[in-house]
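Hello,

Here is the structure we talked about. My notes on its core and its charged pairs follow below.

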Amino acid sequence: MKTTAILSLFAGSAAAFAPSSVSKASTSLKVSADLDGMVGTGVETANKIFDPLNLSDWIPAERARAAELANGRSAMLATVGYVFPKYVGHFDGKVSVDDPIAAIGQADLQWWAQFVIFCGTIEAYKYTQEQDGKSSTGGGPEPAIDWSGMYPKSEESRRAMELKELKNGRLAMLGIAGFVSAHFIPGSVPAGPGF
């Protein structure tokens, strides 16, 4: 029995070195028509839309972009929130640690309820503004939320601002993932900031 098992293992590993016929796979991306003209291509994506899994065949491009922007905006805020207590300080109250992960557990349930209600209110406002023809992802004539009044009027300036926001959001998503990884798996980020 043992001999048969060992021989079958050797036979299986020898097959790994045998030549096989491999058909050439196409490396060009099948880009949906919705992706043409979207902001987000650049040097880091070889001036193409990055969609290696062809998700644009299953998800509308505008919805995927809205999700990317929302997650990027959240990641930008999370990155600032992760760095702020360590280098600037924290406010008076029950939360008394510089570690952002530990601070999550120290926050009152009442605070979390207020935070969820606040975020829901902002999302509901954005939704009603989108129903009126405004855009929460840029690319439209008028943004859904622009409290500062800094949204550019010219199309070229708008596209430049949208690209900056998209790239900063992508970087922040990688940054917060690195911070959290370094927290839970010490030494996992080679040049981690040492939070």
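**Salt bridges and core**

R65 is buried, at 12% relative accessibility. Its partner E68 is partly exposed, with a relative accessible area of 22%. Keep in mind that this is a predicted model.

The side chains of R65 and E68 form a salt bridge, at 3.2 Å from N to O. Both sit in helix 2, three residues apart, so about one helical turn separates them. R170 joins R65 and E68 in a network of salt bridges. The total count is five salt bridges.

Which residue pairs with R73? It is E165, with the closest N and O atoms 2.5 Å apart. R73 lies in helix 2 and E165 in helix 5, so this pair ties together parts that are 92 residues apart in sequence. Both ends are partly exposed: R73 at 27% relative accessibility, E165 at 26%.

Another bridge links E155 and R158, with the closest N and O atoms 3.8 Å apart. They are three residues apart in helix 5, about one helical turn. E155 is partly exposed at 42%, whereas R158 is buried at 11%.

Now the core. The largest nonpolar core has five residues: A75, Y82, A172, I176 and F179. Helix 2 (61–87) and helix 5 (155–184) each supply at least two of them. Helix 5 gives the most, with three. One core member, A172, is in contact with G72, A75, M76 and T79, leaving aside its neighbours within four places in sequence.

Best wishes

Note on methods:
Residues numbered from 1 in each chain as written. Predicted model: local features only at pLDDT ≥ 70, side-chain atom pairs only at ≥ 80, totals over all residues. Heavy atoms only, no water. Core = buried A, V, L, I, M, F, W, Y, C linked by side-chain atoms within 4.5 Å. Buried < 20%, exposed > 50% of the residue type's maximum accessible area, 1.4 Å probe, protein only. Helix = DSSP H or I, 4+ residues; strand = E, 2+ residues; numbered from the N terminus. Contact = heavy atoms within 4.5 Å. Salt bridge = Lys/Arg side-chain N within 4 Å of Asp/Glu carboxyl O.
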